[in-house]
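This report covers the nonpolar cores, one threonine site and one helix pair of a single chain.

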Amino acid sequence: MLSVRLQLKRLVTAVAAAAILATAAPAMAATPKDTLVLAWAIDDIITLDPAEAFEISAGEIMGNTYDRLVRFDIEDPSRLYGDIAESWTVSEDGKLYTFKLKPDLKFASGNPLTADDVVYSLQRSIKLDKTPAFILTQLGWTKDNVETMVKKVDDLTLTIATDKAYAPSFVLNCLSANVAAIVDKKLLAEHEKDGDMGYGWLKTNYAGSGPLKIRDWRANEILALERNPNYYGDKAKLARVIYRHVSESATQRLLLEKGDIDVARNLSPNDLDAVAKNNDIAITSTPKGTVYYFSLNQKNPILAKPEVREAIKYLVDYDAIGATFIKGIGQIHQTFLPVGLLGASDEKPYKLDIAKAKELLAKAGYPNGFSVTMDVRNNQPVTGIAEAVQRTLAQAGIKMEIIPGDGKQTLTKYRARNHDMYIGQWGADYWDPNTNASTFASNPDNSDGASNKTLAWRNAWDIPELTKKTDAAVLERDTEKRAALYKDLQKDVLETSPFVMLYQMIETAGVRKNVQGLKIGPSSDTTYVYKVVKN
């Protein structure tokens, strides 16, 4: 009898081979009835360890394969619910959280999941100190104190201490992030080398308890998941889920139309338009926690003038950008909190108004405009948007030179504050408004040698009062009052900041109509493919 791994490898190979053959054959192919096959650009995955994984594709894999104490409801992201936590309480001083776990939990390995594993997992993320660890260090945890801050009480109880009385929603949202995922302590101990807590092994393996388990990963090629029979909740509907790395939109469209894949995840606006006309394909979409913007470096004395900042906000044809470059993949959005986060505002006061912009420029002392540069990454839709902004700025006499570069080149210059203008994006690192407020509306130290290099810092926007308001918002424990604080922050930033907010990303997928239950989540780790069924 074939081993499970060998059976899966043959299935993965067969699915891929069938898709390749079908692109040259007129007959309609079909994916296995018990398998969901998705085409997606998954070349950003560099590790399978939730303490380190911080890429978009990896986030989705972690969300389907690892449990955590709490999650947020994708239908109502303001509502948090227990994942492996059965209940929790917060002390009167707001600095100690006590979690009770659900009984009889198991990892995919068969090992029991207890408070030991939860404590170990949270401490491990801090001690490894990889990129996403900052989400948890915000709670006051360090390598030196985490063993006293996160403690086991008994097999089903643990306590978590914080250094300040933060808003409970902030603490819980941090604990819903992938970096707080629960790993199998016993299994990692078996693969530990030189005290690395299984880090070397887990980069390419699996030690979780989620509804799906990772069975095979071939970088830049394929990633296969299987149903986890030990999962505590409703079991995955399908036996397996296979992600195929396909980066080109046109290829994804062809595979989807032929039935060689069930879902296409990276379709361009043109290809989305085309598949929308196909009776066998449905379109699903969700606003994501990513916003696109361009910013004005306040080290440039011209861009530092308030009237110039405001004038530029009136020199963007938002409607045209929405109807062309981001059609189907974005929605115009002019505030720093994406729709879906607590306190998000959808206020949109700016529109293309050349006359008003000219009036403001004249007031600033530049009736004939000025010259400026914008650093632009060589990809779409960013390049197209930058060129559109270049044209509308010119109508008010502003001569904007586009400086193209790859992501590394443009980001390096931006992070060094050596730009005039920069166009880019910011994605929520965890599902709490502080993730964006702390970068767009906070700049504790505007000196070149500052350690906290927020987006406000990158643009030399010195805002001591707004920084105080941002610090206060994360400590407000009343949810309604906290939401109101973020609405006020957004209004301040909208009116005075060097950020020209453009749009919120919409993730859209083409789906074969025999596939039911696929809902794209608002964050990278909340698209739950384990809930999908096929007719």
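The basis of the model comes before the individual features.

## Basis

This is a predicted model, in which local features need pLDDT of at least 70, side-chain atom pairs count only at pLDDT 80 or more, and totals for chains, interfaces and linings use all residues. Residues are numbered from 1 along each chain as its sequence is written, and side-chain values use heavy atoms, with hydrogens and water left out.

## Nonpolar cores

The largest nonpolar core (buried Ala, Val, Leu, Ile, Met, Phe, Trp, Tyr and Cys residues joined through side-chain atoms within 4.5 Å) has 109 residues. Buried means under 20% relative accessible area with a 1.4 Å probe, protein chains only. L69, F99, W141, I160, L175 and Y243 have the most contacts inside this core. Its largest share, seven residues, comes from helix α3 (residues 115-128); helices are DSSP runs of H or I, at least four residues, and strands are runs of E, at least two, numbered from the N terminus.

Beyond four places in sequence, W141 is in contact (heavy atoms within 4.5 Å) with L122, I126, L136, V146, M149, V150, I160, A161 and L175. A separate core of 51 residues includes I261, A264, I326 and I423.

## The T526 site

T526 sits in the loop between β18 (515-516) and β19 (533-534). T526 counts as buried because its relative accessibility is 3%. Leaving out residues up to four places away in sequence, T526 touches F72, I74, K519 and G521.

## Helices α18 and α19

L466, K469, T470, A472 and A473 of α18 meet R482, L485, Y486, L489, D492 and V493 of α19.

Note on methods. Buried < 20%, exposed > 50% of the residue type's maximum accessible area, 1.4 Å probe, protein only.
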